[in-house]
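Good morning, and thank you for coming. Please look at the sequence and the structure while I speak.

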Amino acid sequence: MTSKLLRGLGLALAAGALMATQAHAQEKPADFPQRPINLVVMYPAGGAVDVTARTFAQLAEEKMGVSIRVENRVGGAGMVGHTSLAKNTEADGYTVGVVANPFLYTDILLKNAPFTIEEFEPINEISFDPVVWVVNAKSDVGSMSFDEIVEHAKETELQVGMNPNSVFLFVSEFIERAKDLEFNFIPFDGGKQGVVALLAGDVDATASFYSEIEQYVQSGDLKPVAVTGDNRHPMLPDTPTLSELGVPAGGQAWGATRIFTLPPGVPEDRKAYLESAFLEVLESDEAEAAFKEAGLTLTPAGAQAAQAQYQESFDTLKAFLAETGRVSQ
C-alpha cells in the first residue's frame, strides 16, 4: 500500500472518529443537566432498591461527570413515593424514579393507587432479582431437596412466611397449586422479617431475595431450594429454577425487576441522553463488579426492551390476580 493511500486511510479514520465523537457529544443537551439529578427510591435506606440506586449513583457521577443524589420518599410500603413520582414530578429530566416491579403493579392492581402504569416511562432496566424459596438448614426439611419437601408437605402442613399480596406470597401459591399442597401462611411486613422468623424456627420456609439471605446461606444457616426466573441465580448455580421443578414461575413477573423511569413529557433529547448515558454506566465492568459485590445481578437494557418487559410483566401479574379472584378481568 502506497504512502498516499495510507495517508488517505488515516485521514478517513480520523474523520470517522471525529464524527463519532461529535455524535456522542450531541447526545448530551447543551442545557442539561445544570443541577443535580435526583434518583427517587420508594423504600428505606439499606434495602435492595436503595442499594441499587446508591451503587449506580456513585458510578454514574464518576463516568458522567454529573452530580446524582438519591432521595428516599418512604411510606405506605411504596405508595407514598410512587404517588409522588406520578403526580408531583416535573417532566424536565431532573427526577428519575428507581422503580421495582411488581411492587408498583400491586399498588395499582390491589391497593387502588391514584395512578396508572402509563404515568411511569421506563428508560432502562437495571437488574432482575428472582425470588428465592428458602428453608432453615437445621430444620426437619433442611436436608431435603425441593421434591422431598413437597412430599413431606403432603403429610405435614408447612408453615410458610409471606407478605400479604406480594410476589413472595404469589410464588408460594404457585408451588401450592402446581404440587397440590396447602400451606399455612404466616404474614410478615417484609421479606427480611420472614427471614428472621425462619432463622428462629418460627416458620418452615419463606420467600426472599438473595441479598436478604446471602450471609445466612454462606454461613450454612439457610438453604435455598428453588428460584424464580428463566435462569439459575448466578450466586446460586446449584439451586434449580422452579420451572425446572415443574412450577411455572419463569419470566420476570415473579421477582423484582428494577428500572429507571421518567414522567411522560420529558424532552426527547434529555430522555435520550439519560437512557444512553445510564446504559453505558450499567454495561461497564465497574458496574458489574460493584453490583456483584452488593449481591445484585445486573440485566442492563435500553428503553425499548425495558418498556416491553414492563408491559409484559404487568399483563402477566394482572392475569394471575384475575385467575385467583383478586381482581376482575
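I shall discuss confidence, one helix, one strand residue and one cavity.

The model before you is a predicted one. Its mean pLDDT over the chain is 91, and 92% of the residues reach 70 or more. Residues 1-26 form a stretch where pLDDT stays under 50, and the model has two contacts beyond four places in sequence for them. Where pLDDT is low, the predicted coordinates should not be read in detail.

Let us turn to helix H2, which covers residues 48-64. What span should its 17 residues have? At 1.5 Å a residue, the expected value is 24 Å, and the end C-alpha atoms lie 23 Å apart, which agrees. Buried residues of H2 include Ala 48, Val 49, Phe 56, Leu 59 and Met 64. Asp 50, Thr 52 and Thr 55 are also among the buried residues of H2. Just after the helix, Gly 65 adopts a positive phi of about 70 degrees.

Next, please find Ser 208 in strand S7, residues 205-209. Is Ser 208 buried or exposed? Ser 208 counts as buried because its relative accessibility is 0%. Apart from neighbours within four places in sequence, its contacts include Pro 130, Val 131, Phe 168, Val 195 and Ile 213.

Finally, I come to empty space inside the model. The count gives one cavity of 30 Å³ or more, and the largest cavity has a volume of about 30 Å³. Which residues line the largest cavity? They are Leu 85, Glu 119, Phe 120, Thr 261, Leu 262 and Pro 263. By class, this lining has four nonpolar residues, one polar and one charged.

Definitions and conventions:
Residues are numbered from 1 along each chain as its sequence is written. This is a predicted model: local features need pLDDT of at least 70, side-chain atom pairs count only at pLDDT 80 or more; totals for chains, interfaces and linings use all residues. Side-chain values use heavy atoms; hydrogens and water are left out. Helices (H or I, at least four residues) and strands (E, at least two) are DSSP runs, numbered from the N terminus. The expected span of a helix is 1.5 Å times one less than its number of residues. Buried means under 20% relative accessible area, exposed over 50%, partly exposed in between (1.4 Å probe, protein chains only). Contact means heavy atoms within 4.5 Å. pLDDT is the predictor's confidence in each residue, from 0 to 100. On a 1 Å grid over the protein atoms alone, a cavity is a set of points where a 1.4 Å probe fits but cannot get out, and a pocket is an open set with protein on both sides within 12 Å along at least five of seven lines; lining residues have an atom within 4 Å of a point. Grid points are joined across faces, edges and corners, and a volume is the space filled by probe spheres set on the points. Ala, Val, Leu, Ile, Met, Phe, Trp, Tyr, Cys and Pro count as nonpolar, Asp, Glu, Lys and Arg as charged, and the others, Gly among them, as polar.
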